[in-house]
Structures are given as C-alpha cells and as structure tokens.
Amino acid sequence: MSPRTTYEELDTMHTAYRSPAITLTSQPSQDLHADLLIIPVFSDDDFADLASLDAASGGEVLRARARGHLTGKLFDVFATATASANWKTPRVVLVGAGGRKDFTSDSLRRVAIVGGLAARQRRLTRIAIVHRAGTPVASEQAAQVIAEGVCLANFDGGSYRTGPAPSWIDAAEVSVSDDGAGVREALERGHILGDASNHARTLANAPGNELTPRVFAERAQALATEAGLASDVLDEPRMAALKMGMVLGVARGSQEPPRLVVLRHDPPNAVPGVVLGLVGKGITFDTGGISIKPADNMDKMKDDMSGGAAVICAMSAIARLKAPVRVVGIVPMTENMPGGKAVKPGDILTSAAGKTVEIINTDAEGRLVLGDGLWYARELGATHLVDVATLTGACVVALGKTTTGLFGAPDRWVDAVRRASVRAGDRSWPMPVFDDYKDQLKSEIADFTNTGGRPGGAITAALFLKEFTGDLPWVHMDIAGTAWAEEAKPYQPKGATGVGVRTLVELALDAATWSAQNLKD
Ligand code: BES
Ligand code: MN
Ligand code: ZN
C-alpha cells in the first residue's frame, strides 16, 4: 500500500482511493495555506477562539449562529468565505461536532470524514483541519483519527464508472496544538490505518468476475511483499495434502480453483510467547451453492470476502507499523457455486482437524472454510485467534447494519477485541456462545451438521467455528451487517466500509497489554 496505490490494469476506470499527503502543523488557523479550512463547531460552542474567523468572514459566522443556521449539531455543515487580508485560506467549512464534553475521537474521525467529503464535493484539493483545544480528545488521538478520516473521505465507490475522474484530496494539514514526536507518530499511524481501510474497501468493491480466488491471492501476495510480510499461497494440491476437506468441499462447485493465503509478521521486537492468528472469510462470490440464494440482492454477495480483505489489509498495516507482536494471517479463498461437482445437502465433509460435518445447507459455507482456516492457524503456532467473516444473515437481524457481533471465549479476550474496536471506531458488541445451543448442530450420522436452524443462527454459526479453535482464546467477528453500507450517512457513503481492518491493527498494537493478562480468570 504505497501512497497512491492504483490498479493499472483498470486503465479506463479510475482508482478507488488516493493516499493524500498529510502533515502536522501547530500554526494558528489564519496562517494555514489551503483551499478549504475545516473546523469542528460544538452545539455549546462559545466561539472564543474563533473571533478572528468571524472577523474574516465579515461577521457571517456569529450571524449564522444567532439565526440558527450554525447549530453545531453532529455532522451539520456550514460553509462560508473568509476574505480578510490576514487570513490565508479563502473558504471555511464548519462541521457540527455535538456537545463539547461529549466529543470523542470517534466523533472527530467522522467530523473529519464529513469535512473531507465536503472538500471533494467542492473540488477543493488542499485542505486543513483544525483540532479545537479544550475537548476531551488528546492531541495524539486527534492526529490519528483526523488522518484516518481524511483518508476515509478520499475513497470513491464508483471506480468502475468511466468518464470524468472524481476530485481527490491531494494534501491535508492537520492543526493540533501539540506537534511533538508522539503526535507525529499518531498522524502516521492514522494515515496507514486509513489507507489500509480504503484498500480493503477497494477489494470488497471488486466484482466477482474480476476478483476470483486466484486474483485475490495474487493481490494479497503483492500487498504483502510491498509491506515486508512473508507470504505463502496454497493451491489445491497443497490443501489436499493438509486434508482441508471443508475448503475443498466448498470449492468443488466452481470452475475457479481455491487458494489459501498465509501472511506472516515476525518482528525482532515481538512480545514473547504469543502469536496472534487472524483468519478471514474469503468467499469471492457466494451464490449459496446447491442451496441457491434468491436472485434479490445476490449481487451483494461479491462482498463475501470482506473478512478476508480485512485480514490482508490489517496485516499490511501491522507490518508497516512494526507492531511488536508475531501475527499470522490466514485467508481461505473460493467461490461458492452450484456446479455439477458441487457439494450437496446430505454430503459429509471431513475437516483438516479430522472432525466430520454433515452438510445440511450449502449456503452455510463460510463456517466450513473458516473451520479449516482456524485449524491451520493453530498448526502454524497461533496462541490467540480472531476470525472476521460476513457469516450470517441472523447477525444482521440481531444487531442491524451498524454493529459487528463479537462471539468467543474467554470473556477477557472478547473484551480485548471489543476495546480495540472502540479505538478503531468499528462498532461491535458481544453475543453469547452458551453450549446450550450446541444441540442444534447435532447430526444423526456425522460429528455435527453445518447449520443449526433459524433460532440463534449467528450463535450456532459461532459454535460451529469454536469446534476448530482447540482451547485457544478465540473471537469471531460477524461483519455480515457492517461490511456493506446500504444507506449513505454523512460520514459513510454507500458501499464497502472496510470494517475490521482498524480493529485488528489496534489489537495487534495493544499486544503488550493483552499478552500480559491472565485471560482465564
Ligand atoms: N454470506 C452469507 C451471510 C450473509 C448474509 C452476509 C447476508 C451478508 C448479508 C453466508 O454464507 C450465508 O449464506 N449464511 C446463511 C447461513 C444459513 C444457511 C444457516 C444465512 O445467513 O442465511
Ligand atoms: Mn452462504
Ligand atoms: Zn457466505
């Protein structure tokens, strides 16, 4: 993910995102040189530090405030010109930031996205964003999330359209009162996290005819090499040698051969004794197989590799940030198609772990490929597991489109992932995985079935995965609802969200904390 990653092969279409130049400054707002200045405004703002802005706007700012056009309500946008001689930036966008005391790094990230999108709508390419003093958000956090937000705003979901290219942010100056080394590092961290999220969005956006398992594996390997990760791509014979009957079973229905990508981050300064194992679902298109899905919305199933994209792009960022922990990333990649050789309901597959599975519904394919993936992560020495998958419609029913479901054990490991997701700005919430639900996976003929019926469908899916985790600490993130935005929000255009990338990276960066904890009591 070098700055300005492009897909050269798509020369008639545009790139899906740009990595802007991002710099830190502690100069006062009026001295910033840009096309557009972006400033958060609070609902309870006293405007004390914005007097010169008001003057530069010819009193427009305070007039608008008095007339109720500038409320400070979260994500409201108010634009005005600044024509004063001692003010260097000609336009300002004031973005509502809510109550000052309630201001969080999460709202600042979104305010930066809203500001960045406003710049692009106006075709303004050089922006400056101000972190206001006197909020609960410290300078380091602010620098990180503003950089993330600027990058996230620089993504174009319509990259397969021909015609005029969209406007991009080329350069962003981030104004924070403190510009010490820690703040600089945080800015760079945010830049890398934002780019990695956009890269995952680009992959999730890619249609199934472009991003086949082989192409997905090639792109993963290219990204890994660029980031300095070791990589290995398993083809069918190698998966067969490892007896990965579940991945190979799902792949049987397709003309496209499957792949399994392994990425490794092995830094010299790693905390001793732990290996984080990240496993992502890489179904490049899910038709449902023989238990075929209805036509309505089937097109969305091109994003069934979003978990895999999250793992690959998180690994790349983990390497670039030199996270002090060993990490292995595993992504089984295949289509789920109803070909003549496809796995059928009633078939029995033998997993790499040796357990047998009676296939009830071929549309429950994600848990099959993840089961072999989790087993392989353990084989490769993982001590702590996290998997990310667009796994169940049931999770969308339970938590909706904004919140990722967290499943796993022990509770402290689930909580470590949950806290990472808070830092990342990825909403998530824990769900139960009580053994009581296990009866629903009983098979008359094999060790268990691959579906547990409608009740608690997201939970029985998680219990299926648990069979392949040994006794290792494990968290399953069900991103079926959160990987793709159906409705646009001011801070989130429709389409791929890149959910999970930043959570996984924040978790890896926090390894010193969780590796020292006794997770079990
Ligand atoms: N990829 C789907 C899950 C999904 C559904 C993701 C909707 C995003 C939006 C998964 O492979 C699937 O088909 N799950 C089935 C499981 C069922 C057959 C037990 C489901 O949720 O219906
Ligand atoms: Mn499916
Ligand atoms: Zn699926």
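# Strands, pockets and backbone in a predicted model

Me: Happy to look at this predicted model with you. To begin with strand β18, residues 474-478: how many of its residues are buried?
Reply: Strand β18 is largely enclosed by the rest of the structure, because its residues fall under the 20% relative accessible area that counts as buried. The number buried is five of the five.

Me: Good start! Which residues of β18 point the opposite way from V475 and M477?
Reply: The side chains of β18 point in two directions, and all are buried. V475 and M477 go one way. Pointing the other way are W474, H476 and D478.

Me: Does β18 run parallel or antiparallel to strand β14, and which residue of β14 stands opposite M477?
Reply: Strand β14 covers residues 384-389 and is joined to β18 by five bridges. The two strands run parallel. Opposite M477 in β18 stands V388.

Me: And how does strand β15 pair with β18, parallel or antiparallel?
Reply: Strand β15, residues 404-409, is joined to β18 over five bridges. Within this pairing, G405 stands opposite D478. The sense of the pairing is antiparallel.

Me: Let's follow β15 to its end. Which residue is joined to A409 by a cis peptide bond?
Reply: Most peptide bonds are trans, so a cis one is worth a look. Here omega is about -10°. The partner of A409 is found in the loop between β15 and α12 (411-424). That residue is P410.

Me: Over to another sheet, the one in the order β12-β13-β17: which are its edge strands?
Reply: This is an open sheet formed by three strands, and the pairing is mixed. An edge strand here pairs on one side only. The edge strands are β12 (348-350) and β17 (448-449).

Me: Which residue of β13 stands opposite T350?
Reply: β12 and β13 (residues 356-358) pair in the antiparallel sense. Three bridges make up that pairing. The residue opposite T350 is T356.

Me: Now for the pockets. What is the volume of the largest pocket?
Reply: Rolling a probe the size of a water molecule over the atoms shows where empty space is left. For the largest pocket, that space comes to about 1,100 Å³.

Me: Which element gives the most to the lining of the largest pocket?
Reply: The lining has 34 residues, and K293, D363, T392, G393 and A394 are the closest to the pocket's centre. Elements giving two or more residues to this lining are α10 (366-379), α11 (393-399) and α13 (457-466). With four residues, the element that gives the most is α11.

Me: How many residues of that lining are charged?
Reply: The lining of the largest pocket divides into three classes. Ten residues are nonpolar and eleven are polar. The charged residues number 13.

Me: What about the second largest pocket: which element supplies the largest share of its lining?
Reply: This pocket has a volume of about 550 Å³. Its lining has 27 residues, with R110, T482, Y491, Q492 and T497 nearest the centre. α3 (105-121), α4 (139-153) and β19 (484-485) each supply at least two residues. The largest share, five residues, comes from α3.

Me: By class, how many charged residues does the lining of the second largest pocket have?
Reply: Nine residues in this lining are nonpolar, and seven are polar. The charged count is eleven.

Me: Why does C151 form no disulfide, and how far is its sulfur from the closest cysteine sulfur?
Reply: C151 is buried, with a relative accessible area of 0%. A disulfide needs two cysteine sulfur atoms within 2.5 Å, and the closest sulfur to that of C151, in C313, is too far for a bond. By this rule the model has zero disulfides. The distance from C151 to C313, sulfur to sulfur, is 13 Å.

Me: Is C395 buried or exposed?
Reply: The cut-off for a buried residue is under 20% relative accessible area. C395 has 1% relative accessibility, so C395 counts as buried.

Me: Last one, on the backbone: what is phi of R123, and what is phi of K243?
Reply: Most residues other than glycine have a negative phi, so positive values stand out. R123 is found in the loop between α3 and β5 (126-130), and R123 is exposed at 55% relative accessible area. K243 is found in the loop between α7 (236-241) and α8 (245-251), and K243 is exposed at 60%. Phi is near 55° for R123 and near 60° for K243.

How values were computed: Residues numbered from 1 in each chain as written. Chains lettered and ligands numbered in written order. Predicted model: local features only at pLDDT ≥ 70, side-chain atom pairs only at ≥ 80, totals over all residues. Heavy atoms only, no water. 1 Å grid on protein atoms, 1.4 Å probe; cavity = no way out; pocket = protein on both sides within 12 Å on 5 of 7 lines; lining within 4 Å. Points joined across faces, edges and corners; volume = space filled by probe spheres on them. Nonpolar A, V, L, I, M, F, W, Y, C, P; charged D, E, K, R; others polar. Pairing = 2+ DSSP bridges. Buried < 20%, exposed > 50% of the residue type's maximum accessible area, 1.4 Å probe, protein only.
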